[in-house]
Amino acid sequence: MNYHSHVVWKELRLRQRELRWMQTMIFAIEEINRNPELLPHVTLGYKIFDSCHTHSNSLKGTLKLLNDDESESSYRCAELPSVPIIVGDAASSQSIAASRLLAPFDIGLVSYSSSCTCLSDKREFPTFFRTIPSDGVQVKALVRLVQRFKWIWVGIVTEDSEYGRFATMSFIEEVSKFETCIAFIEFMSPDSTRIKLLRVVETIQRSSAKVLIIFSLERDTKSLAIELRRHNVTDIQLIASEAWITSVRLWTKETRQIFSGTIGFGIRRAEIPGLKEFLVKLHPSRTADNPFVEDLWRAVFGCSIKISNQSLEENSSPYKPCTGLESLETIENTYTDVSQLRISYNVYKAVYAIAHALHNLKSCENGKGPFLNKTCGQLPRILPWQVLHYLREVRFTNQLGEEIRFDKNGDPIASYDLINWQQRADGSVHFVKVGYYDAALPEGEEFVLNESKIIWHGSESRVPISVCSGICPVGTRKGTRKGQPICCFDCLPCSDGEISNQTGSTECIKCPTDYWSNSRRDQCLPKEIEFVSFQDILGITLAAVSLFGACITGAVAAVFLYFINTPIVRANNSELSFLLLISLILCFLCSIAFIGQPSPWSCMVRHTVFGVSFVLCISCILSKTLVVLMAFKTTLPSSNVMKWFGPKQQRSIVFLCTLIQIVICVIWLLTSPPVPVKNTKYQSSKIILECDVGSTVAFCCVLGYIGILASVCLILAFFARALPDKFNEAKFITFSMLIFFAVWVTFIPAYVSTPGKYTVAVEIFAILASSFGLLICIFASKCYIILLKPEENSRKQMMSRTETL
């Protein structure tokens, strides 16, 4: 039984590569016809049409196959199409047109080179199959490549066709999942004018993108490369699509500077045993009816077959006549080159897939068939829809060990070789496999790359950098530019207290509470802890002044003790004077509790001792003021007021006033005592260790009570300021209270506005200043008389003043 399968072909006119594809198909058909196990007793035939790169010729060839009057089939085209299946077309655009025409007849179309993702849509192209992977897989592989080398700013030049547009859309959709941005998209077409090409080149020149992806066929790619070379644009790393990655014809002296280092994914290469011998056997004497041999002989040998039998007078051709001794066995050209069998291998697989589908159809047994009532296809009348069914189910391993099958979209198992264009010593191009992408492998294992084998553009071993903005160094973050893609950004320094310890950070990391960023903003360091320390100059100075004040007060007490029986000491109520001096010593010493690192113990001591010491001091002054005031009253006739202000009553006033403050402090400590806290309010870069007062009400009560006592004392002293006493105690008390109020009124705004450890320093200064004010105003004049004017320290001197009044 003889059966003729017809094939439509593309781009064979004067094209050696396409002629090799055609010869590979013929080789595969003859190999199948010789195979006794595959399609026994069936002879496959073929007929070839050239689509000439146009949709119209593709459709014309398809229609001729559907209505072939010269067919040897036993049926007429009016009843059934003359062919059940077609191989072709090479270009996606032509395959789309042909597939739409064939779909209503359920005639399959098996393409070896149409890779447009759109052809995977079975709703629109239900009868389309292919042995080349879909561009959807190629795009995923390209995205993996771009991500691997961190190219985040890439340009795209694409063919203005279904292939280019769908590939570009798929790439944009896939790459949008990552941080890569598209710098520009430019379209080319076979009929693009030089002005259009110049506009594309100008866009490439202006852009900062140094990586350019080209989705186009080789002729458009070559035109672009020539223009780039003319304009000296030689610093661009090209990423090739599968359509031209193995096109050796692009490599010329004029373009090799542009294409050097090109990298891209190509379909898997294979070695077909016996194909080389079959190709070189092509000769006009063996294929007299092959119209493509004439073109090949003209291109290779520069002679014409048609004029070999013509006379010289009839010869008007520029070619010399062929001798008939020409042989392809000694020629190395694109046609005879079988080192990069990629598309040719796809052709080989397409023919074998059809053959296995027909074999399965022929081997079907009635009752076990896949059709209605388990019937098989009708032989010898092969129906297209039956071939389609078996083609969808075909699954076999070919002679080269590769599994051949189609998925639900009519696509094959996708696998690619990653190819790098490297220049040999003789200037020719070498396609070096540097990795592969196999979609059948598990996720994460599908992309394998040997980076050490890659030679980049310009013979560089370093990976090219293509970014819109430079990588942000540590200590900065990316700040987007308004109206520009996310890949274009400014590097903004991290704010205080934030860091970025990695390059290219999108956000700064906030330091933990007790840490702060260093000057470079790349590391969190422990915050500087600040408090009035005994080790720094401020702490040492304040402590020294406190001790000095306590020593001075102790010296005054010693003077008073030594001269205790003198009139001045006795006249000033020595018991209250000593109690006052002791309280002043406590006031001076309590300021030391404010120095050093705050602790729970020191916080409670500093505030309570301060409050009690000052109340004790003011209570003594209040008692002295009352004694002085009442002593003057006793000089009047029949006055017995002094009996109510004797030593016992004086001690009671001091004890009672101090006891009230002690009670307030005890309640404070029991309810909400002062505690050490870390204050970062004023200086975020520092931790200010200070004592929180705990209960603000209790703290105000302590200070308020001191203020009330001081106010009462000031008022009484003011009333007694003009008493006729040479050593009028009331005057000195008045001055001391005025100084006391002046210090603490000044202290309040200074305390509130002073940050950090200087807040505590201001508080210590207020304590010391008020203590010195009390000590000097009350005791300075007395010590002056006792030590420097002893003649005035007599009863006579003290009484003389009273008598004169």
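1. Let's start with a charged residue tucked away: E294 has a relative accessibility of 8%, so it counts as buried, the cut-off being under 20%. Keep in mind as you read that this is a predicted model. E294 forms a salt bridge with R298, and the closest N and O atoms are 2.6 Å apart. Both residues sit in helix α10 (residues 291–301), and because they are four residues apart there, about one helical turn separates them. R298 comes in at 27% relative accessibility and counts as partly exposed. Elsewhere, R268, R342, D417 and K433 are joined into one network by salt bridges that share partners.

2. Some more on charge pairs. Side chains of opposite charge can pair when their charged atoms come close. Searching the whole structure turns up 29 salt bridges. One to look at is the pair E332 and K276, where the closest N and O atoms lie 3.9 Å apart. This salt bridge links distant parts of the chain, since the two residues are 56 apart: E332 is in the loop between β10 (320–321) and α11, while K276 belongs to helix α9 (residues 275–280). E332 is exposed, with a relative accessible area of 65%, whereas K276, at 26%, counts as partly exposed.

3. Another pair worth a click is R123 with D121, whose side chains meet in a salt bridge at 3.4 Å, N to O. How accessible is each partner, exposed or partly exposed? R123 is exposed, at 78% relative accessible area. D121 is partly exposed, at 26%.

4. Now for the overall picture. The protein chain has 21 helices and 24 strands. Of its 805 residues, 52% are buried. If you take contacts between residues at least 6 apart in sequence, 68% of them join residues at least 24 apart. The chain exposes about 38200 Å², with carbon and sulfur atoms supplying 57% of that area.

5. There is an open sheet of three strands that makes a good place to get your bearings. Its order is β1-β2-β3, and the pairing is parallel. Which strands stand at the edges? They are β1 (85–87) and β3 (128–130); each has a single partner strand, so one side of each is left without a neighbour in the sheet. From one strand to the next, the twist averages 20°. In general, strands of a sheet pair through backbone hydrogen bonds, either parallel or antiparallel.

6. Zooming in on one pairing, β2 (residues 108–111) and β3 run parallel and are joined by three bridges. If you'd like a specific residue to find, try L109: its bridge partner in β3 is F128.

7. Two helices go with this sheet. Helix α12 (residues 384–393) packs on the sheet and touches β1, β2 and β3, with its direction at about 40° to that of β3. Helix α3 (residues 92–102) also lies across β1, β2 and β3, and runs at about 160° to β2.

8. On to a buried spot. S344 is found in helix α11 (residues 343–362). With 0% relative accessibility, S344 counts as buried. What does S344 touch, leaving aside neighbours within four places in sequence? Its contacts are R20, W21, T24 and I272.

9. I172 is worth a look too. This residue is in helix α5 (residues 162–175) and, at 32% relative accessibility, counts as partly exposed. Not counting residues up to four places away in sequence, I172 touches I182 and I185. I172 and I182 are ten residues apart in sequence, and their C-alpha atoms are 7.6 Å apart in space.

10. Last, the surface. A nonpolar patch of about 830 Å² is made by F655, L656, L659, I660, I662, V663, V666, I667 and L670. Take I660 as an example: it is found in helix α17 (residues 647–671). I660 is partly exposed, with a relative accessible area of 38%. Patch members need over 30% relative accessible area, so I660 clears that cut-off at 38%.

Technical notes: Residues numbered from 1 in each chain as written. Predicted model: local features only at pLDDT ≥ 70, side-chain atom pairs only at ≥ 80, totals over all residues. Heavy atoms only, no water. Pairing = 2+ DSSP bridges. Axes fitted to C-alpha atoms, helices over the stretch in contact; angles between N-to-C directions. Contact = heavy atoms within 4.5 Å. Patch = residues over 30% accessible without salt bridge, like charges linked within 9 Å, V, L, I, M, F, W, Y side chains within 5 Å. Areas by Shrake-Rupley, 256 points an atom, 1.4 Å probe, with all protein chains shown as cover. Salt bridge = Lys/Arg side-chain N within 4 Å of Asp/Glu carboxyl O. Buried < 20%, exposed > 50% of the residue type's maximum accessible area, 1.4 Å probe, protein only.
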